[in-house]
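The following exercises ask the reader to locate residues, classify their accessibility and trace strand pairing. Each task is followed by a solution in steps.

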Amino acid sequence: MSHRVHNFNPGPAALPLPVLEQVQRELIDFQGTGMSILEASHRGKAYEAVHFQAIADLKALVGAGEEWKVLFMGGGASAQFALAPMNLIPQGGFAQYVTTGSWSEAALKEAKKLGDARELYTSGPDHKHVPKSGQVAVDPKAAYVHYTSNNTIYGTEYDGTPEFGHTGNGPGHVPLIADMSSDILSRPIELDRHAVIYAGAQKNLGPSGVAVVWIHQSALERCRGDVPQIWSYRKFAEKDSLLNTPPCFPIYIVGLVARYLLEAGGLTWAKKRNDEKARILYNAIDDSAGFYRGHAEPGSRSQMNVTFRLPTPELEDLFAKQSTAAGLIGLKGHRSVGGMRASIYNAVPLESVQALVGFMQQFRGEHG
Ligand SMILES: *Cc1c(COP(=O)(O)O)cnc(C)c1O
């Protein structure tokens, strides 16, 4: 057995070990084809089967019906920051953004370059919380409202689908677009309250190199016709993301992760596991007599990215150094927030979180 660390990297991040082992087993000779899936034609039978199975499994996991399409697009989640406004702000229309962290701020900034995009609410500059239900009301005339479900850098997350007023997919409703890059498939979602959900793969879905987009028929119908085809949601939906050569290898691995999750018990299973991991980690913070201090307000805490501070920057540096030496990798917080961040995505096992909690208790014993 190879050496494996406790991986708390924010992204690219931990992948399920059984998936990595399957990739390794299949790498040289994919299912008797005598070649790797890396070497196969994207128009061939072997790859097509992988591609369409991944789409089917990604639909099954979130309970998506016929009226939903799953797209695989390049450029990561950051490309979606541009593609959403490009496709979905009509001539003379405007979109509204709820900014609760660096990524939603980046999404708004990109959208402003492409159309009339307005900030509807901000939790800045500290981003310690997300708005409460009913606190934010979208303008019924908006082309869409965009939010970020989990704020990877600040460690805040909505407790389910936010209530912004007139959102929905029917006539007279404002489509809801979510960047779920860092909590996608970590818990059940109310898919049908959304019009578009997108996620860069490298946190909860697989490796970097692809973004997955779930898009509702009503949003496809609203898409602008003047978008270059490589950036067009509608064109990608028509061609099942095989308009040109897709990122075949990342899609193959995303498909394996989806299948692994389905077989393990789907999103209910994932949530149960993630709740337990987050619970023991936040308890370790809350039971530390103030030695560890969480960044997020308790009602807005992320189940995926747990951000916390120590009494001094010197102790934070020491914590980062000693935890790394102890085989706990990736705990240094983002430079814009400081402190520590433990990313405990789907593929991070409970044992890794237990190891971290043990380390935190020991460190506090020595320095508290
Ligand atoms: C990581 C992240 C992004 C950026 O993803 P890229 O695929 O690197 O473009 C965007 N949004 C959120 C919420 C993220 O966590």
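**Exercise 1.** Determine which side chain makes a polar contact with that of Thr100, and at what distance. Then classify Thr100 as buried or exposed.

*Solution.* The model is a predicted one.
Step 1: the side chains of Thr100 and Asn151 are joined by a polar contact of 3.0 Å.
Step 2: Thr100 belongs to the loop between S3 and H4.
Step 3: the cut-off for a buried residue is a relative accessible area under 20%. Thr100 has a relative accessibility of 0% and therefore counts as buried.

**Exercise 2.** Describe the surroundings of strand S3, starting from the accessibility of its residues and proceeding to its partners.

*Solution.*
Step 1: S3 spans residues 94-99, and six of its six residues are buried, so that the strand is mostly covered.
Step 2: two sets of side chains can be separated by direction. Phe94, Gln96 and Val98 point one way, while Ala95, Tyr97 and Thr99 point the other way; all are buried.
Step 3: S3 is joined to S4 (residues 116-122) by six bridges, and the two strands run parallel. Within this pairing, Thr122 of S4 is found opposite Thr99.
Step 4: S5 (residues 145-148) also pairs with S3 in the parallel sense, here over two bridges. Gln96 has Val145 as its bridge partner in S5.
Step 5: helix H4 (residues 102-114) completes a right-handed β-α-β unit with S3 and S4.

**Exercise 3.** State the strand order of the open sheet that contains S12, and identify its edge strands.

*Solution.*
Step 1: the sheet has three strands in the order S11-S12-S14, with antiparallel pairing.
Step 2: S11 (293-294) and S14 (340-343) are the edge strands, since each pairs on one side only.
Step 3: between S12 (residues 305-309) and S14, the antiparallel pairing comprises four bridges. Phe308 stands opposite Met340 of S14.

**Exercise 4.** Which side chain is in polar contact with that of Asp286, and how far apart are the C-alpha atoms of Asp286 and Val257?

*Solution.*
Step 1: Asp286 is part of helix H8 (residues 266-286).
Step 2: with a relative accessible area of 45%, Asp286 is classed as partly exposed.
Step 3: the side chain of Asp286 forms a polar contact of 2.9 Å with that of Arg301.
Step 4: Val257 is 29 residues from Asp286 along the chain, and 33 Å separate their C-alpha atoms.

**Exercise 5.** Examine the backbone for cis peptide bonds and for positive phi at the residues Leu185 and His127.

*Solution.*
Step 1: as a reference, most peptide bonds are trans, and most residues other than glycine have a negative phi.
Step 2: the bond from Gly11 to Pro12 is cis, with omega near -5°; Pro12 lies in the loop between S1 (6-7) and H1.
Step 3: the bond from Gly124 to Pro125 is likewise cis, with omega near 0°. Pro125 is in the loop between S4 and S5.
Step 4: His127 is found in the loop between S4 and S5 and has a positive phi of about 50° although it is not a glycine. Its relative accessibility of 1% makes His127 buried.
Step 5: Leu185, in the loop between S8 (176-179) and S9 (196-200), has a positive phi near 60°. Leu185 is buried, at a relative accessible area of 2%.

**Exercise 6.** Which residues form a nonpolar surface patch together with Leu38?

*Solution.*
Step 1: Leu38 is located in the loop between H1 (17-26) and H2 (45-62).
Step 2: Leu38 counts as exposed because its relative accessibility is 53%, the cut-off being over 50%.
Step 3: Leu27 and Ile28 form the patch with Leu38, and together they have about 310 Å² of accessible area.

Note on methods. Residues are numbered from 1 along each chain as its sequence is written. This is a predicted model: local features need pLDDT of at least 70, side-chain atom pairs count only at pLDDT 80 or more; totals for chains, interfaces and linings use all residues. Side-chain values use heavy atoms; hydrogens and water are left out. Patches are made of residues with over 30% relative accessible area and no salt bridge: like charges are joined within 9 Å, nonpolar side chains (Val, Leu, Ile, Met, Phe, Trp, Tyr) within 5 Å. Accessible areas come from the Shrake-Rupley method with a 1.4 Å probe; for residues, only the protein chains shown count as cover. A salt bridge is a side-chain nitrogen of Lys or Arg within 4 Å of a carboxyl oxygen of Asp or Glu. Buried means under 20% relative accessible area, exposed over 50%, partly exposed in between (1.4 Å probe, protein chains only). Two strands pair if DSSP finds at least two bridges between them. A crossover is right-handed if, with the strands pointing away from the viewer, the path from the first strand over the helix to the second runs clockwise. A polar contact is a pair of N or O atoms within 3.5 Å; within protein, one must be able to donate a hydrogen and the other to accept it, and residues adjacent in sequence count only if both atoms are side-chain atoms.
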